[in-house]
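Please read the following report alongside the sequence and the structure. It deals with helix packing, contacts between chains and contacts between domains.

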Amino acid sequence: MADTHSVIGTKNKKGQTFTDTWKMMNEAPRTPSFYTGSEVIKEALRRASCDVMIAYPITPQSEAAALIGELFAEGYIGDYFRGESEFAVMSQCAGAAFGGARVFTTTAGPGTMRAMENFPMWSGARLPIQMIVTCRGINSPLSIQPDTLEIAYLLNTGMLVWHAETAQDFFDWILKGYMVSEEPDVHLPLALCCDGFFVTHTKDVVNLTPTDMCLPPYDPYRSPVPCMDMECPPVRMMRDPFIMKSNYISYATHASWQQEVWAAVERSRKHTIKWLNGLIETENTDAEVIIVASGTAVSQGREAIRLLEDEGIRCGLVKVKVLRPWPGEEIREATKNAKHIVVPEFNVTGWLAKEIKATIPDSDRVNAGPHVCGGMTMPPEIIASEIKTLLGMRTMSLAGRGS
Amino acid sequence: MIKKRLNVRMSGLGGQGAVTAAHVLAMAANRDGKFSISNPFFGAEKRMAPAESYCRIGIERIYDRGELVFPDVIQVFHPQVITMGKSYTMPFYSGVKEGGLVIINSDQPLLSEEDIQRLKDLHVALFYIAGTELAIEVAGTELSTNMSMLGSVAGITKCVTMEALDGALQERFGKKFVASGGTASLDEAIKKKFAKKEMLLAKNLATVKAAYDIASEWAEKNQYELRVGNPAVAA
């Protein structure tokens with residue numbers, strides 16, 4: 001039956017062919033393009049068969065949001081509008097997803113924080129919305145520069161949380177993200193994060209899939225909870241929240257539903273491993289020192305490894321691609337031989353180091369840092385310097401960088 | 001000196017096109033078959049506020065991004081970067097690598113004796129170009145100052161070819177380009193200065209070429225060399 005209804009091979013109104021996603025991502029020819037991360041988000045959306053995109057301006061995601069507006073003008077997005085605030089945007093995203101649409105939005109920093117109430121609601125309502133988070137500082141004094149603190153707040157919302165290193169990751173993961181998110185045994189929202197500016201405003205080479213291929217459309221009837229339609233109006237879900245009836249059944253239902261959300265996060269593991277080729281990537285894990293990082297800190301780690309190689313120091317690398325579900329077993333395995341585990345982060349609290357410490361045996365092997373925060377950059381030299389200090393070697397002084 | 005990586009820091013003021021210049025330089029390097037990455041660094045988007053951008057060009061894949069703390073080349077787009085400290089580092093040449101290069105857009109010298117001595121100690125070359133005057137003379141608008149700066153860094157280091165710069169400029173200005181509201185309105189402003197888009201491209205390219213020639217001649221006369229390439233092969 002399913003096959004007779006398949007849209008694969010048919011064309012949409014823009015003349016793009018609905019293509020099997022696995023073939024589109026893994027077998028279709030790729031064209032190298034020199035784009036900013038924001039332009040790459042637009043190009044991914046062009047191929048995503050997205051029904052609704054809701055926008056609100058905040059640096060550094062405004063450019064991507066504006067570019068998707070161009071895409072709407074060209075006819076590639078079902079509907080597009082600007083919400084009244086980030087809180088409104090995320091609520092409107094919920095409405096659109098309840099209504100059976102494939103939904104996309106972009107946000108950053110204080111905007112993400114403002115909308116926070118909606119994210120556990122999305123997970124609880126099992127809405128497979130995709131939200132791009134272009135991380136920036138959230139504290140006062142104001143900073144628009146990259147700082148990954150908001151990811152820490154997203155880790156316990158029940159959303160899937162991925163952290164892209166490059167614009168290439170972004171392009172691939174936006175499209176693959178819907179495939180994981182929309183699986184009936186997952187059906188959860190995805191927070192696809194990157195470090196603002198370092199990815200969004202950086203021009204880099206990205207290999208794009210053909211413009212005339214797009215994802216198959218979202219099928220809301222694959223949802224594990226009844227999707228909203230004329231048979232199942234929204235009032236049925238909202239009128240009698242379980243917790244309002246103070247009896248055994250209502251409490252048990254509420255508790256088991258929370259467990260079900262986190263079980264769904266766990267069930268996403270197998271799909272994520274298939275699409276992203278693992279939750280982590282590793283290099284030289286037999287080395288005495290291993291850098292474990294996510295996002296731009298991975299890139300800076302790669303450069304630090306080059307600097308150290310020039311001095312004859314061998315250093316391994318673990319790129320953590322997925323934060324929820326947490327790749328605990330993978331990290332334990334990858335770091336089992338390491339004497340020193342160095343975790344560079346673009347935030348002041350070191351949330352990634354804390355997660356790793358809670359995961360591995362002998363957690364005093366974890367060196368939380370170096371840290372930069374409030375929009376500072378992380379030169380590879382300071383990672384290399386920290387590693388040399390750990391190994392008891394002499395290192396350059398980085399204090400007076402002018403002299 | 002031939003290096004595997006050339007790191008260029010462009011320090012300018014909002015509205016001068018430093019961000020655009022870094023993007024165009026990186027696009028040109030990419031066209032030349034080199035590896036390149038560019039990114040901006042700025043606060044609120046407003047005219048005359050400090051704005052920096054960075055372009056990294058190399059012979060192997062580049063991962064490093066963000067503010068360039070240890071640049072090989074520093075380009076000062078506006079005297080106020082130096083005279084009023086409108087820079088993310090103090091002094092503006094902080095972190096410059098030994099044997100590096102400082103290019104300043106000014107029609108008169110701006111550095112103190114102390115600054116000159118510190119740069120000399122690091123064997124850093126100093127090149128002044130009256131880039132805004134050149135832009136007014138060749139393109140008829142100071143908005144093309146960033147073209148003078150592009151031409152000067154290319155002329156001295158030969159990190160990109162004129163042909164690639166031509167292609168990159170056409171790519172950047174030849175089609176509709178959506179970035180921030182600020183960038184979009186500046187794009188509109190510069191387009192209004194020219195009767196036709198072709199004229200804009202031609203005048204901008206002429207400005208790049210004029211600066212390229214001046215800078216090229218200076219490098220030859222002063223026997224200054226800073227190139228991107230494989231040092232092992234060169235040796």
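In this predicted model, helix α1 (residues 18-31) of chain B and helix α5 (residues 145-157) of chain B have axes that come within 9 Å and cross at roughly 40°. An angle counts as roughly parallel under 35 degrees and as roughly perpendicular from 65 to 115; α1(B) and α5(B) are therefore oblique to each other. Their crossing is right-handed.

Which residues make the contact of these helices? From α1(B) come Ala18(B), Thr20(B), Ala21(B), Val24(B) and Leu25(B). From α5(B) come Asn146(B), Met149(B) and Leu150(B). By class, six of the residues in the contact of α1(B) with α5(B) are nonpolar and two are polar, with no charged residues. In general, an α-helix has 3.6 residues a turn, so residues three or four places apart point the same way.

The next contact is between chains. Chain A contributes 26 residues to it and chain B contributes 22 residues. On the side of chain A that touches chain B, at least two residues each are supplied by α3 (62-74), β9 (203-208), α11 (296-310) and α14 (380-390) of chain A.

Within chain A, the domain assignment gives domain 1 (3-222) and domain 2 (281-390). The centres of these two domains of chain A, taken over C-alpha atoms, are 28 Å apart. In their contact, 21 residues belong to domain 1 of chain A and 19 residues to domain 2 of chain A. On the domain 1 side, α7 (149-154), β7 (160-163) and β8 (190-195) of chain A each supply at least two residues. The largest share of that side, four residues, comes from β7(A).

The table lists the classes of residue on two of these sides.

| Side | Nonpolar | Polar | Charged |
|---|---|---|---|
| Chain A, touching chain B | ten residues | eight residues | eight residues |
| Domain 1 of chain A, touching domain 2 of chain A | 13 residues | five residues | three residues |

Helix α14(A), which supplies at least two residues to the side of chain A that touches chain B, also has buried residues. They are Pro380(A), Ile382(A), Ile383(A), Ala384(A), Ser385(A), Glu386(A) and Ile387(A). What covers these buried residues of α14(A)? The cover includes α11 of chain A, together with the strands β12 (289-293), β13 (315-320), β15 (340-345) and β16 (366-371) of chain A. After α14(A) comes Gly392(A), which has a positive phi, near 75°.

Definitions and conventions:
Residues are numbered from 1 along each chain as its sequence is written. Chains are lettered from A and ligands numbered from 1 in the order in which they are written. This is a predicted model: local features need pLDDT of at least 70, side-chain atom pairs count only at pLDDT 80 or more; totals for chains, interfaces and linings use all residues. Domain bounds come from an automatic or database domain assignment. Two residues are in contact if their C-beta atoms, placed from the backbone, lie within 7 Å. Ala, Val, Leu, Ile, Met, Phe, Trp, Tyr, Cys and Pro count as nonpolar, Asp, Glu, Lys and Arg as charged, and the others, Gly among them, as polar. Axes are lines fitted to C-alpha atoms, for helices over the stretch in contact, and angles run from 0 to 180 degrees between N-to-C directions. Angles under 35 degrees count as roughly parallel, over 145 as roughly antiparallel, 65 to 115 as roughly perpendicular and the rest as oblique. A crossing is left-handed if the near helix is turned anticlockwise from the far one by less than a right angle, and right-handed if clockwise. A residue is buried if 20 or more other C-beta atoms lie within 10 Å of its own, exposed if 12 or fewer, and partly exposed in between; C-beta atoms are placed from the backbone.
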